[in-house]
Amino acid sequence: MMPLFDFLGGIHPPENKTQSSAAPIHQAPLPPQLHVALRQSMGNAARPCVAVGDRVAKGQLIASADGRLSAAVHAPTSGVISAIAPQPFAHPSGLPELCITLDSDGEERWIERQPLHDWPQRSGAEIRDFLAQMGIVGLGGAVFPSHLKLGVSPLETLVINGAECEPYISCDDRLMRERAAAICDGIAVTRHALQARQVLIGIEDNKPQAIAAMQAAAAAHGFSVVAVPTKYPSGGAKQLIRLLTGKAIPHGVRSTEHGVQCFNVATVYAIGRAVLHGEPLISRIVTLTGAVDAAANVEALIGTPLDRLLALARPHRDSKEVVMGGPLMGFTLPDLGAGLTKAGNCLLVKSPALFPPRPPAQACIRCGDCASACPVSLQPMDLFWFAKSKNFDKAQQWQLFDCIECGACSYVCPSQIPLVDYYRFAKSEIWAAERDKNAANLARQRHEFRQLRLERDKAEKAQRLADKAAQAAARQAASHSVAANLAPASDPKQAAIAAAMARAAAQREAAPLPEQHSSGLNDAKQAAIAAAMARAAARKAAADEAKGASGQPPAPPPSSSGLDDAKQAAIAAAMARAAARKAAADEAKAASGQPPAPPPASSGLDDAKQAAIDAAMARAAARKAATLAAKANQQPDS
């Protein structure tokens, strides 16, 4: 007989469990349509990995986990995805959540299941990864991802929670009565993953049949089943650990730091089905009770519309509202069209006869009853004042988040103050402020990173431009250096040019330029010009004599060249410029090593052409003289 310990506080409300625990678990009918919420854990909503129109099989992954605290979601049955859109969600806020709507085909066609038959040879890390893929979460109400609780090993004690202390709820009771062996199989897998030295299964003593069934199944594995006193909330993890081990888990400390970990019986059952049979978490046991004619426990698929489940229990006509969970920790459902979630362990139908209206709240009289009932030794009346005045910093200092929201303080309050509602409000406001703060920090970090990136890009661009300029300057300097330092022998053409220029320079220094006349022409050209002008003068004189013989007045005396002075000056200047250009061209050719052009004839033409021109001009002059003479002979004497 193991020694038992006690925890402070607690209450003893009416149990009301026999209404639903008398009948065995039965399977809920397959609904034609299921609304599977993507938020099935305390973390982020899962991300869909299917599209509208896809046909899926039972157990197929339809949404993958998004983050550490998120949980994967699987198809509860086979059928077609008809929508991925916001739908009513089982939450006190009444806000819709993104859901995958699945139209069932009635075939219940499974995917190919792949269990871990060799799990005894697998490591704890491998089992954790497998359970994460199967979407296993805590089914006691917290929906904390179960694989995260397997992260510490070895462990001293594994505590299995079968207390089920909340009034009206009996789903765990029926599960232990009917499926004790399967529960113990799941405990064995969990113990192997944690390398736990011992296993303690705690069950309240108001469930004798469940205790007997679990003792029979646990004997084969060496687990210890312990009956604990019926006291609310003995099903709290810290309270049950205290009852079974005597260890008090202080504020802000995890139970694993004291060598203890706690799992709900329904959770280890789901672990066993996943590892041994390859079945993801797609269904759960739900208690239907309260103001109904047929209270029972049913196994329903995740996503089953809650109004269809309630119809199985036949609620009373005077029923006013439905609570998900028990009367102390549950919340009123805003919309019965929501689909069943993994957290939905009970649907409690309330009626005025069964649940009379709560009297109006009065002022706190500071009687201290709430503090006496608190199982975690808080000061509920102070937390109430801090929450009401929105002094959230002070509420946190007084360990607001240690509150498990069991409702014991509200149950015993003589002023009928809904204390838990104030605590939930304060927690939600603190979480919202924390989210806003994180969002602001993220925005600030993104802005700072953007500014840093812009400055970095600007600096890199400036550096690139500077590098290009430096490279261009280096290439230009290198080309000048190569040209200046080029050796004569390195290039034959360059060597030949240099040699020719040297020879031309030597020739210019050795031979002076030929003497030029005042007109800028050399002797040969000047002689040719003089000869031409002499011939023109002779022809002019002959023409004048012929005119004189004919009685015509003589032409005015020409200039020495046969032209007037202005024309003579222009011709002389043009000839000088041509001679200068010719001399410059000859010097350039001499500098490049080419032979100079042959000297021209005195008239600027070769001898043959000059002779032909002179003959033609003589013939023309003779013909003109003969014509003039003939005209003179024909005129009569005056």
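What percentage of the 638 residues in the chain is buried? The model on display is a predicted one, and buried residues account for 38% of its chain.

**The whole chain**

Begin with the entire chain selected and coloured by secondary structure. It contains 17 helices and 17 strands. Of the contacts with a separation of 6 or more, 72% are between residues 24 or more positions apart. The accessible surface amounts to about 33600 Å², and carbon and sulfur atoms contribute 56% of that surface.

**Helix H2**

Next, select residues 124-133, which form helix H2. Show the side chains of Ile-127, Phe-130 and Leu-131 and mark Gly-124: these are the buried residues of H2. They lie on the same side of the helix, because the arc they cover around the axis is only 125°. In general, an α-helix has 3.6 residues a turn, so residues three or four places apart point the same way. Now add helix H4 (180-194) and helix H7 (265-277); both are included in what covers the buried residues of H2. After H2 comes Gly-135, with a positive phi near 70°.

**The six-stranded sheet**

Turn to the open sheet of six strands, whose order is S1-S14-S13-S17-S15-S16 and whose pairing is mixed. Its edges are strand S1 (26-27) and strand S16 (331-332), each of which pairs on one side only. Within the sheet, select strand S13 (residues 283-290) together with strand S14 (residues 296-301): the two are antiparallel and are paired over six bridges. Ile-285 has Glu-299 in S14 as its bridge partner.

Add helix H3 (residues 171-178), which packs on the sheet and touches S13 and S14. The direction of H3 makes about 125° with that of S13. Helix H8 (residues 306-313) also packs on the sheet, touching S13, S14, strand S15 (321-324) and strand S17 (346-350). The direction of H8 makes about 65° with that of S17.

**Two cis peptide bonds**

Select Ser-153 and Pro-154, which are joined by a cis peptide bond with omega of about -5°. Pro-154 is in the loop between H2 and strand S9 (155-161). Then select Tyr-232 and Pro-233, where a cis peptide bond has omega of about 5°. Pro-233 belongs to the loop between strand S11 (224-228) and helix H6 (237-245).

**Two residues with positive phi**

Finish with Ser-377, in the loop between helix H9 (369-373) and helix H10 (380-388). Ser-377 is not a glycine, yet its phi is positive, about 60°. Its relative accessible area is 46%, which makes Ser-377 partly exposed. Lys-390 follows, in the loop between H10 and helix H11 (392-397). Lys-390, also not a glycine, has a positive phi of about 60°, and is exposed, with a relative accessible area of 55%.

Note on methods
Residues are numbered from 1 along each chain as its sequence is written. This is a predicted model: local features need pLDDT of at least 70, side-chain atom pairs count only at pLDDT 80 or more; totals for chains, interfaces and linings use all residues. Side-chain values use heavy atoms; hydrogens and water are left out. Buried means under 20% relative accessible area, exposed over 50%, partly exposed in between (1.4 Å probe, protein chains only). Helices (H or I, at least four residues) and strands (E, at least two) are DSSP runs, numbered from the N terminus. The arc is that of the directions from the helix axis to the C-beta atoms. Contact means heavy atoms within 4.5 Å. Accessible areas come from the Shrake-Rupley method with a 1.4 Å probe; for residues, only the protein chains shown count as cover. Two strands pair if DSSP finds at least two bridges between them. Axes are lines fitted to C-alpha atoms, for helices over the stretch in contact, and angles run from 0 to 180 degrees between N-to-C directions.
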